[in-house]
Amino acid sequence: MSVKFQTVPLIESGLNKVHFLTNICNQLNIKRPIIITDEGLYNLGFVEKIEKILKKKNISSCVYKKVLADPPENNIFEAVNLYKSFNADGVIGLGGGSPMDVAKAVSYFSINSIEIEKCYGVNKLKNKRAPLIQIPTTAGTGSEVTPIAIFTLINQQKMGIVDPILYADCAILDAEFTLDLPKTITAYSGIDAMVHAIEAYTTKLKKNPISDALAKKALKLLGSNIRTAVEKPLNKEAREKMLLGSMLAGMAFANAPCAAVHALAYPIGAKFHVPHGLSNSLVLPEVLKFNSINVESLYCEIAADCLPDLIGEKINIDKFILGIEKLINDLQIPKKLRDVGIDQNDISILAKDALKQERLLINNPREVKLNDAISIYEASL
Ligand SMILES: NC(=O)c1ccc[n+]([C@@H]2O[C@H](COP(=O)([O-])OP(=O)(O)OC[C@H]3O[C@@H](n4cnc5c(N)ncnc54)[C@H](O)[C@@H]3O)[C@@H](O)[C@H]2O)c1
Ligand SMILES: [Fe+2]
């Protein structure tokens, strides 16, 4: 069996690990970093905390805080301008997937002049990037350990730049940053992380023993902590395990890529501004039903990891899918496309857009044709 596996070379995980930041800057020779974040996190005082840590070691920084959720390309170019005018020499991504994805692109485009249109797709980048440290504040996209950056274009399509150059130099996982996450975002981003691991475990082309082990451990951590993290936001143990689980899921799907859940979720996010994890959750049960014809046994293998209530039970596919639906219901996540303002008239365009996500659909364990996408959306209405 031939396996290729890549990930970020240094992971620092644990409460208060953010204090290692200056050491890591030294190792990477970063003396003037740009911090990339969003307004919400800035207002929570996270940037101030980081600036204080940096200042103690005489590292001065600048801040780009205008990243929008499902970021537009414009965020990259504004931040690159700031990087250049500040004479920065490294990038710190602080946030959920949106700031971390912008941080990746800034680390690349700040030292490479190439048109972004030529970079979408897989393995399109050349040369190097500036040093890059990622600090996730959601659990989550796993973006801190993926070589993927997703942007929303003016035509409302979500497009990805996927290239090993975008693996960060270091990811710092400090669950203190996730304690303020509201219940909704905890639930949405937690389901996103579970979907990453489920799709990695059942991916068609690059499934391998390393990503399988990571996906299974990720699902154990996420499945047994997601309810606590939503119900008791200040429970540090649950928050730490969610953050670790989402990172392991990120390592898995970076090497064994996501598939139809993400392909069908992207147009929902791009056209209706539905948060990424919620978009995934809305189509998840119907994609599981669609795929189960081909990967029923794989779903059964991870069922008790996702749903600890099933431990010790005789597993079958119905119990798995019903259990996932119950989890979504218990976490008070909207269940149907209608709940987010989507109706029958929107389905044909959503399905056409989903089919454009070839990068993802080639990994799905069952071929998705236009009619299948329409049926899945209709069943999710
Ligand atoms: N690069 C990848 O591998 C990858 C994988 C999956 C998703 N994504 C992308 O990531 C984006 C979604 O990221 P996300 O779900 O992490 O959300 P996000 O980064 O878009 O943030 C959503 C909201 O949560 C708030 N928030 C974040 N952390 C918080 C905290 N600790 N406390 C309080 N509020 C907090 C933010 O301020 C923002 O308002 C999408 O653009 C998606 O396409 C990327
Ligand atoms: Fe995702």
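A residue counts as buried when its relative accessible area is under 20%, and in this predicted model that term applies to both Asp192 and His276. These two residues also belong to the site of the iron ion (ligand 2), whose protein donors are Asp192 (OD), His196 (NE2), His262 (NE2) and His276 (NE2), lying 2.1 to 2.2 Å from the ion. Along the chain, the donors of the iron ion follow the spacing D-x3-H-x65-H-x13-H. Distant parts of the chain are thereby linked, with Asp192 in helix α6 and His276 in helix α11 (residues 276-306), 84 residues apart. The angles among the 4 donor atoms of the iron ion run from 85 to 165 degrees, and the site is irregular.

The other site described here is that of ligand 1, which has 32 residues around it, and of these Ser98, Thr138, Thr146, Ile148 and Phe177 come nearest. Three side chains place a polar atom at the following distances from an oxygen atom of ligand 1.

| Side chain | Distance to an oxygen atom of ligand 1 |
|---|---|
| Asp38 | 2.9 Å |
| Ser98 | 2.6 Å |
| Thr146 | 2.6 Å |

On its own, ligand 1 has 860 Å² of accessible area, and the protein covers 89% of this. Two or more residues of the shell around ligand 1 come from each of the elements α2 (39-43), α5 (97-109), β7 (148-152) and α6 (183-201), and the largest share, 5 residues, is given by α5. By residue class, the shell around ligand 1 holds 13 nonpolar, 12 polar and 7 charged residues.

Methods:
Residues are numbered from 1 along each chain as its sequence is written. Chains are lettered from A and ligands numbered from 1 in the order in which they are written. This is a predicted model: local features need pLDDT of at least 70, side-chain atom pairs count only at pLDDT 80 or more; totals for chains, interfaces and linings use all residues. Side-chain values use heavy atoms; hydrogens and water are left out. A residue is near a molecule or strand if one of its heavy atoms lies within 4 Å of it. A polar contact is a pair of N or O atoms within 3.5 Å; within protein, one must be able to donate a hydrogen and the other to accept it, and residues adjacent in sequence count only if both atoms are side-chain atoms. Accessible areas come from the Shrake-Rupley method with a 1.4 Å probe; for residues, only the protein chains shown count as cover. Helices (H or I, at least four residues) and strands (E, at least two) are DSSP runs, numbered from the N terminus. Ala, Val, Leu, Ile, Met, Phe, Trp, Tyr, Cys and Pro count as nonpolar, Asp, Glu, Lys and Arg as charged, and the others, Gly among them, as polar. Donors are N, O and S atoms within 2.8 Å of the metal (3.2 Å for Na, K and Ca); water is not among the atoms, so sites may look incomplete. Four donors count as tetrahedral if all angles lie between 85 and 135 degrees; four count as square planar and six as octahedral if opposite donors are over 155 degrees apart and all others between 65 and 115; anything else is irregular. Buried means under 20% relative accessible area, exposed over 50%, partly exposed in between (1.4 Å probe, protein chains only).
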